[in-house]
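Subject: Structure for your review, with notes

Dear colleague,

I am passing on the structure we spoke about, and below it you will find my notes on what came out of the analysis. Please read them alongside the coordinates and tell me where you would like more detail.

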Protein chains: 4
Amino acid sequence: MSTAGKPTAKAEARAQAQRERILVAAQKCFVVHGFHAASMANIADTAGMSAGLIYRYFKGKNDIILAIIERQLEEARADVAKLHATSDLVAGIAEVFQQWQANDPNITSAALFLELTAEATRDPEIAAATHASDKVFRADLAAWFERSSKDGGLGVPKQEVDTRVLMLQCLIEGLAMRAISQPDLSVAQVKTALERFLPSLLSAQV
Amino acid sequence: MSTAGKPTAKAEARAQAQRERILVAAQKCFVVHGFHAASMANIADTAGMSAGLIYRYFKGKNDIILAIIERQLEEARADVAKLHATSDLVAGIAEVFQQWQANDPNITSAALFLELTAEATRDPEIAAATHASDKVFRADLAAWFERSSKDGGLGVPKQEVDTRVLMLQCLIEGLAMRAISQPDLSVAQVKTALERFLPSLLSAQV
Amino acid sequence: MSTAGKPTAKAEARAQAQRERILVAAQKCFVVHGFHAASMANIADTAGMSAGLIYRYFKGKNDIILAIIERQLEEARADVAKLHATSDLVAGIAEVFQQWQANDPNITSAALFLELTAEATRDPEIAAATHASDKVFRADLAAWFERSSKDGGLGVPKQEVDTRVLMLQCLIEGLAMRAISQPDLSVAQVKTALERFLPSLLSAQV
Amino acid sequence: MSTAGKPTAKAEARAQAQRERILVAAQKCFVVHGFHAASMANIADTAGMSAGLIYRYFKGKNDIILAIIERQLEEARADVAKLHATSDLVAGIAEVFQQWQANDPNITSAALFLELTAEATRDPEIAAATHASDKVFRADLAAWFERSSKDGGLGVPKQEVDTRVLMLQCLIEGLAMRAISQPDLSVAQVKTALERFLPSLLSAQV
DNA sequence: TATGAATGAGCCTTCATTCAT
DNA sequence: TATGAATGAAGGCTCATTCAT
């Protein structure tokens with residue numbers, strides 16, 4: 001009985017690793033084929049395991065998506081946290097745009113982002129997850145905007161925060177669509193635009 | 001043989017009407033169920049015809065989507081034309097946002113818009129159609145921005161046009177995502193934001 | 001429009017024929033493999049059609065069973081009606097027993113009968129159908145028992161009817177099990193037993 | 001090597017206990033879910049062991065069923081033995097009926113009984129086991145019927161024994177079906193019927 | 001032109017069974 | 001002896017597409 005803890009911990013670690021393996025494979029497949037077109041067999045192949053095994057770690061295809069949404073939120077929050085440090089929002093957003101345009105597999109693809117959002121329109125579970133995730137992310141942004149500059153924030157006047165956050169999100173998410181719809185849009189152009197209009201969103205003045 | 005001309009003309013008109021009927025039905029179905037989840041039987045039902053008949057007018061499901069993208073472009077161009085007249089961009093965009101949020105079936109749904117854009121990432125035909133469509137639309141916007149105000153334009157300095165168009169598109173398309181991800185976002189908030197930041201995009205000054 | 005009726009009638013006739021074809025095939029498969037072990041592909045093969053087509057006529061596997069239960073009731077009621085005429089219950093029951101023992105494919109097999117009854121323990125829909133069917137059949141039997149002999153009945157005293165019907169059903173259904181569990185039981189033995197004990201169930205006296 | 005005997009004996013005892021544990025769990029699962037619907041994982045859970053371990057004690061699912069049939073025979077024989085003692089067959093049968101109707105898990109459920117019997121139609125091994133088991137049980141009953149009343153039997157005339165046993169089995173097994181198909185059948189009704197017709201089966205007179 | 005019956009491939013999921021540990 | 005992760009083979013079902021009528 002005294003040794004019961006160790007095997008369990010080991011097993012749980014392995015289980016977590018498997019879940020991760022599946023999520024990575026699934027994300028890859030979803031990006032390539034789309035959520036509905038990607039088959040479980042597809043994911044299993046990509047993950048290098050049998051299809052049946054996936055069901056030991058996830059309740060079903062929908063469960064996988066839900067987990068991916070959570071991952072996305074974490075990534076996004078981490079990105080925001082990084083921005084605090086650099087404080088160079090223009091460069092940061094431009095880089096994300098570039099990654100989106102290049103379909104960089106290391107970050108959540110723009111296409112998957114759009115597809116998940118669209119899916120929220122139909123699947124209640126995905127809707128709930130998306131909305132909750134979005135709320136948290138917005139709160140993060142708002143806190144950063146509101147915090148004084150000496151605390152690493154932007155010192156945006158309180159009554160302006162919501163409006164600014166809204167605009168910033170539109171801008172970023174709009175760039176996700178641009179990255180797909182306008183493949184010849186250069187990063188330079190994006191940077192130019194951001195340098196021209198971002199300051200008014202971040203300024204401490206009204 | 002001498003009468004072959006007239007029936008053909010008539011037939012072609014009918015064919016065009018049938019195509020339209022199918023497209024309308026398909027768009028309705030895609031909005032409700034999503035592109036992949038909407039079945040041909042579904043579309044046929046909605047169009048009030050048999051499933052088999054659709055294949056006389058479209059090569060397949062993908063063909064329908066391609067046609068719908070073209071329709072979207074036409075709608076979007078018409079919207080821009082309307083904006084020229086009203087010139088009240090804030091109200092116009094806010095209304096579109098409201099329709100998106102309400103999932104108004106009379107307008108291309110935000111979800112379908114996102115879904116199609118995402119699909120452009122995978123299907124080369126859809127990509128081509130999307131990119132071409134986007135290019136035309138951007139040109140329309142640019143022309144409007146550049147045209148002098150006495151010609152119904154905005155008189156934006158030439159070197160600023162691309163940047164401004166880009167930002168405006170990000171804003172609008174970003175609102176499409178907001179309409180889905182942030183269901184409690186009020187139109188009033190959107191209007192406030194637009195009134196605050198849109199002017200700088202439309203102003204004739206640098 | 002005036003010709004709309006005829007094709008529909010024809011189509012409906014064909015649809016009914018298809019349903020019948022499927023039911024016959026399904027019954028065959030269920031008898032051979034059992035309800036759970038028989039696959040839809042199996043049934044489709046036996047019916048000489050594709051698996052997918054079955055779903056045009058039945059909602060699913062369960063739906064088929066439900067239809068079969070209804071068929072069984074009709075057969076059983078028809079059998080009772082025949083008994084009225086012949087009035088030779090011993091011979092009638094003995095024949096059914098023989099058919100059960102021979103696994104005669106023209107009548108509901110004893111095994112399928114047992115399996116369906118067992119399934120009623122788990123599937124609420126099957127339970128409902130089984131109970132309803134049983135009730136109707138019991139009512140038929142009771143009416144026959146109670147009706148006076150000049151009306152083709154048995155003239156069993158009213159207060160005895162339920163008890164007698166119960167015993168008769170136990171006897172018959174018990175024979176279904178005997179037909180399976182005791183393959184060397186001869187029809188002669190069954191007849192002997194029936195002649196010995198059935199009269200007390202059918203007699204008009206208390 | 002000199003110590004090989006004792007551990008083996010111990011081991012065999014343990015093995016027997018494990019088999020028993022599995023059988024009890026399996027029976028429970030089969031009663032609840034049915035033979036085909038009960039999964040090995042289910043049984044393993046109920047038995048409080050891993051799925052893989054079951055295969056050390058049974059060749060497979062079918063093997064378990066075979067063992068369960070043997071158990072049933074033993075139970076049934078024990079029941080008959082009890083009847084000798086009480087000699088109140090009406091009460092005994094009524095009680096079994098009640099347990100069947102209540103789906104009492106302490107007794108072989110009526111549904112499982114039917115399911116097994118039906119399965120005998122398909123699986124030769126199960127058929128063999130069922131037939132053998134049934135034969136032994138019938139012999140037990142026959143012996144009891146034939147034995148003189150001073151020896152705890154019923155003293156039924158020899159030439160009548162087979163017929164009476166057959167009828168009694170039909171009655172009991174018929175009640176198994178009634179317990180399922182006629183859920184509103186009261187125990188009182190059953191008792192009334194048994195009191196009315198059982199005596200003629202058990203009487204020492206012809 | 002129009003129908004809708006029919007097909008067949010493919011999807012998600014389950015589960016008995018095996019095997020490395 | 002015991003575990004439970006892993007497999008692989010079905011199974012039920014859906015649906016785009018074809019074709020006889």
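In this predicted model, helix α5 of chain B (residues 89-101) and helix α9 of chain B (residues 187-202) have axes that come within 9 Å and cross at roughly 140°, and α5(B) and α9(B) are therefore oblique to each other. The cut-off matters for that reading, because only angles over 145 degrees count as roughly antiparallel. The crossing in which α5(B) passes α9(B) is right-handed. On the α5(B) side the contact involves B:Leu89, B:Val90, B:Ile93, B:Ala94, B:Phe97 and B:Gln98, which meet B:Val187, B:Val190, B:Lys191, B:Leu194, B:Glu195, B:Leu198 and B:Leu202 of α9(B). Sorted by class, the residues of this contact are ten nonpolar, one polar and two charged.

A second helix pair in chain B is formed by α6 (residues 110-119) and α8 (residues 158-181), which pack at an angle of about 120° with their axes 9 Å apart, and that angle makes α6(B) oblique to α8(B). Here α6(B) passes α8(B) in a left-handed crossing. The residues that make the contact are B:Ala110, B:Ala111, B:Phe113 and B:Leu114 from α6(B), together with B:Glu173, B:Ala176, B:Met177 and B:Ile180 from α8(B). By class they comprise seven nonpolar residues, no polar residue and one charged residue.

Turning to the arrangement of the chains, a turn of 178° with a shift of 0.0 Å along the axis lays chain C on chain D with an RMSD of 0.5 Å, which is the relation of a two-fold axis. Within chain C, the C-alpha nearest that axis belongs to C:Gly174, at 2.2 Å from it. Both copies use the same surface, in that 100% of the contact residues of chain C recur in chain D. By contrast, chain B and chain C are joined by no contact, and their closest C-alpha atoms lie 13 Å apart; likewise no contact joins chain A and chain D, for which the closest C-alpha atoms also lie 13 Å apart.

Finally, a note taken from a record: an unreviewed UniProt entry annotates residues 39-58 of chain A as "DNA-binding region". In the model, the chain over those residues is 75% helix and 0% strand, and the C-alpha atoms at the two ends of the stretch are 14 Å apart.

With best regards

Definitions and conventions. Residues are numbered from 1 along each chain as its sequence is written. Chains are lettered from A and ligands numbered from 1 in the order in which they are written. This is a predicted model: local features need pLDDT of at least 70, side-chain atom pairs count only at pLDDT 80 or more; totals for chains, interfaces and linings use all residues. Side-chain values use heavy atoms; hydrogens and water are left out. Axes are lines fitted to C-alpha atoms, for helices over the stretch in contact, and angles run from 0 to 180 degrees between N-to-C directions. Helices (H or I, at least four residues) and strands (E, at least two) are DSSP runs, numbered from the N terminus. Angles under 35 degrees count as roughly parallel, over 145 as roughly antiparallel, 65 to 115 as roughly perpendicular and the rest as oblique. A crossing is left-handed if the near helix is turned anticlockwise from the far one by less than a right angle, and right-handed if clockwise. Contact means heavy atoms within 4.5 Å. Ala, Val, Leu, Ile, Met, Phe, Trp, Tyr, Cys and Pro count as nonpolar, Asp, Glu, Lys and Arg as charged, and the others, Gly among them, as polar. UniProt positions are given in the numbering used here, feature names are shortened, and annotations may be inferred rather than shown by experiment. Copies are superposed by least squares on the C-alpha atoms of residues with pLDDT of at least 70 in both.
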